[in-house]
Amino acid sequence: MGKVLFVLAVACGMLFLGGCGDKPKKPGCKGDKDCKNGLVCDANKCVECKTDAQCPKGKKCSGNACVAKAQCTKDDQCALGQVCQAGACKPCAADGECGPGGRCEAGKCNRPKSCTKDEECADDEDCVNGLCLRQGLGSNIDAGCQLQTVYFGFDDSSIQASERDRLDGNYQCMTKNKTQGVLLIGHTDTSGTEEYNIALSERRAQSVADYIARLGGDPAKLQVVPKGETESTGTGDDKDRRVEFKWR
């Protein structure tokens, strides 16, 4: 019997290099000094970063990785006349990118003057929702209320911070016209197959519909229309990655 136990002990030692049973796993790191190549220790793992301060200039820490910072989140963070789209400052391509009453002229937004009363505006303008707007202009349904296009990053259907103000404004516009339905028309650039782009444009339009619904919009009034790459703006891929709002 003793010989049998001895043989088993030897076999166990050969298989597990020192004993039977599973050894407890050691953590990947206890501190930054345990990591190499500039990595830092977070939750016993060596990662690229824990805070923005550990990333190079122009990047931020997201999910323990250094990623490029958005250039902007609002239009007023861009050069005069430019618009913030998908986190980057861009020239405008259409009036709908320039807010209520705004006009896109040679790639720059010409926005209306702020006001509190009609007397502060030109003779042919009225003070509507805090803006000097020409009589009868501002939208295709309600003066001072304009549905704006929103934009997306490459191969991305998530709502970026730069687009939230536009979506909030669109929701406010829609609440003034509760009987009207809205088409959410999704588009892509020409990268990828037609089938993939149809699906991507649908995901973009659906993410917009979900966002509006979370604000309180009636999902029954929103119709997702995926167009894929079929309706290019002709002004660059970044302008093609979009969802347009249209009354129906």
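I count two residues as in contact when heavy atoms lie within 4.5 Å. The model I am reading is predicted.

**Entry 1: overview**

I began with the fold elements. I find four helices and 14 strands in the protein. The protein has 248 residues, and buried ones make up 35% of them. I then looked at contact range. Taking contacts between residues at least 6 apart in sequence, I see that 51% join residues at least 24 apart.

**Entry 2: Lys239**

I looked up Lys239 next. Helix α4, residues 237-240, holds Lys239. Is Lys239 buried or exposed? The cut-off for buried is under 20% relative accessible area. Lys239 has 5% relative accessibility, so I log Lys239 as buried. I listed its neighbours, leaving out residues up to four places away in sequence. Lys239 touches Val83, Gln85, Lys90, Pro91, Cys92, Ala93, Glu97, Tyr151 and Thr233. One of these, Glu97, makes a side-chain to side-chain polar contact with Lys239 at 3.1 Å.

**Entry 3: Lys90**

I followed the contact list of Lys239 to Lys90. Lys90 sits in strand β6, residues 88-90. Its relative accessible area is 23%, so I log Lys90 as partly exposed. How far apart are Lys90 and Lys239 in sequence and in space? They are 149 residues apart in sequence, and their C-alpha atoms are 9.3 Å apart. Beyond four places in sequence, Lys90 touches Gln82, Val83, Gln85, Asp238 and Lys239. I also checked its side chain for polar partners. The side chain of Lys90 meets that of Asp238 in a polar contact of 3.0 Å.

**Entry 4: Arg241**

I moved on to Arg241. This residue lies in the loop between α4 and β14. With a relative accessible area of 15%, Arg241 is buried. I noted its contacts beyond four places in sequence. They are Val150, Tyr151, Phe152, Gly153, Phe154, His187, Thr188, Asp189 and Arg204. Tyr151 also appears in the contact list of Lys239.

**Entry 5: nonpolar cores**

I turned to the cores. In soluble globular proteins, nonpolar side chains tend to be buried together. The largest nonpolar core here has 20 residues. Which residues have the most contacts inside this core? I read off Leu167, Met174, Leu184, Val208, Ile212 and Phe245. Four elements give two or more residues to this core: α2, β12 (182-186), α3 (194-215) and β14 (242-247). The largest share, five residues, comes from α3.

I took Phe245 as a probe of this core. Leaving out residues up to four places away in sequence, Phe245 touches Leu147, Gln148, Val150, Leu167, Asn170, Met174, Val182, Leu183, Leu184, Val208 and Ile212. Apart from the largest core lies another, of five residues. Val83, Cys92, Cys98 and Cys104 are among them. Val83 and Cys92 are also contacts of Lys239.

**Entry 6: largest pocket**

Last, I checked the largest pocket. I log about 470 Å³ of space in the largest pocket. Its lining has 23 residues. Which of them lie nearest its centre? I note Gly99, Pro100, Gln148, Asp165 and Gly169. Gln148 is also on the contact list of Phe245. Helix α2, residues 161-175, gives the most to the lining, with six residues. I sorted the lining by type. I get seven nonpolar, nine polar and seven charged residues. Helix α2 thus turns up twice in my notes, in this lining and in the largest core.

Definitions and conventions:
Residues are numbered from 1 along each chain as its sequence is written. This is a predicted model: local features need pLDDT of at least 70, side-chain atom pairs count only at pLDDT 80 or more; totals for chains, interfaces and linings use all residues. Side-chain values use heavy atoms; hydrogens and water are left out. On a 1 Å grid over the protein atoms alone, a cavity is a set of points where a 1.4 Å probe fits but cannot get out, and a pocket is an open set with protein on both sides within 12 Å along at least five of seven lines; lining residues have an atom within 4 Å of a point. Grid points are joined across faces, edges and corners, and a volume is the space filled by probe spheres set on the points. Ala, Val, Leu, Ile, Met, Phe, Trp, Tyr, Cys and Pro count as nonpolar, Asp, Glu, Lys and Arg as charged, and the others, Gly among them, as polar. A nonpolar core is a set of buried Ala, Val, Leu, Ile, Met, Phe, Trp, Tyr and Cys residues joined through side-chain atoms within 4.5 Å. Buried means under 20% relative accessible area, exposed over 50%, partly exposed in between (1.4 Å probe, protein chains only). A polar contact is a pair of N or O atoms within 3.5 Å; within protein, one must be able to donate a hydrogen and the other to accept it, and residues adjacent in sequence count only if both atoms are side-chain atoms.
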